[in-house]
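Hi everyone, thanks for coming. Let me put today's structure on the screen, and then we'll walk over its surface together.

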Amino acid sequence: AMLNRDFPDCAINIGKIQGGEAVNQVPALAMAYLDVRAPSAKDLAAIDTAITHLLNEQDDELTVSCHKTGSRIPKIL
């Protein structure tokens, strides 16, 4: 919600979340997939920086990484 508020012309949606087998247990591995759409390459770069910053703020006991797939620049209409 915070990223969507900070980038009102962009769409940042959580797609699929995977991890764990029990409801009240921290999984050894969890994954979340995001779909990011923006009107310009500059906006995409700013969102990438913001997501990286959020991931770097996580607890030292966690290992967090980000893997990007697809990096097409927005299509100019």
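Let's start on the outside: Ile14, Ile17 and Leu34 make a nonpolar surface patch of about 320 Å². Patch members have over 30% relative accessible area and no salt bridge, and nonpolar side chains (Val, Leu, Ile, Met, Phe, Trp, Tyr) are joined within 5 Å. A salt bridge would be a side-chain nitrogen of Lys or Arg within 4 Å of a carboxyl oxygen of Asp or Glu. Areas are Shrake-Rupley values with a 1.4 Å probe, and only the protein chains shown count as cover.

A word on the source: this is a predicted model, where local features need pLDDT of at least 70 and side-chain atom pairs pLDDT 80 or more, while totals for chains, interfaces and linings use all residues. Residues are numbered from 1 along each chain, and side-chain values use heavy atoms, without hydrogens or water.

Back to our patch: Ile17 sits in strand β1, strands being DSSP runs of E with at least two residues and helices runs of H or I with at least four. Is Ile17 buried or exposed? Its relative accessible area is 61%, so Ile17 is exposed; the cut-offs are under 20% for buried and over 50% for exposed, with partly exposed in between.

Now look at Thr63, in the segment after α2. Thr63 is exposed too, because its relative accessibility is 82%. Thr52 lies 11 residues away along the chain, and the two C-alpha atoms are 13 Å apart.

That's my tour, so over to you!

Conventions. Patches are made of residues with over 30% relative accessible area and no salt bridge: like charges are joined within 9 Å, nonpolar side chains (Val, Leu, Ile, Met, Phe, Trp, Tyr) within 5 Å. Buried means under 20% relative accessible area, exposed over 50%, partly exposed in between (1.4 Å probe, protein chains only).
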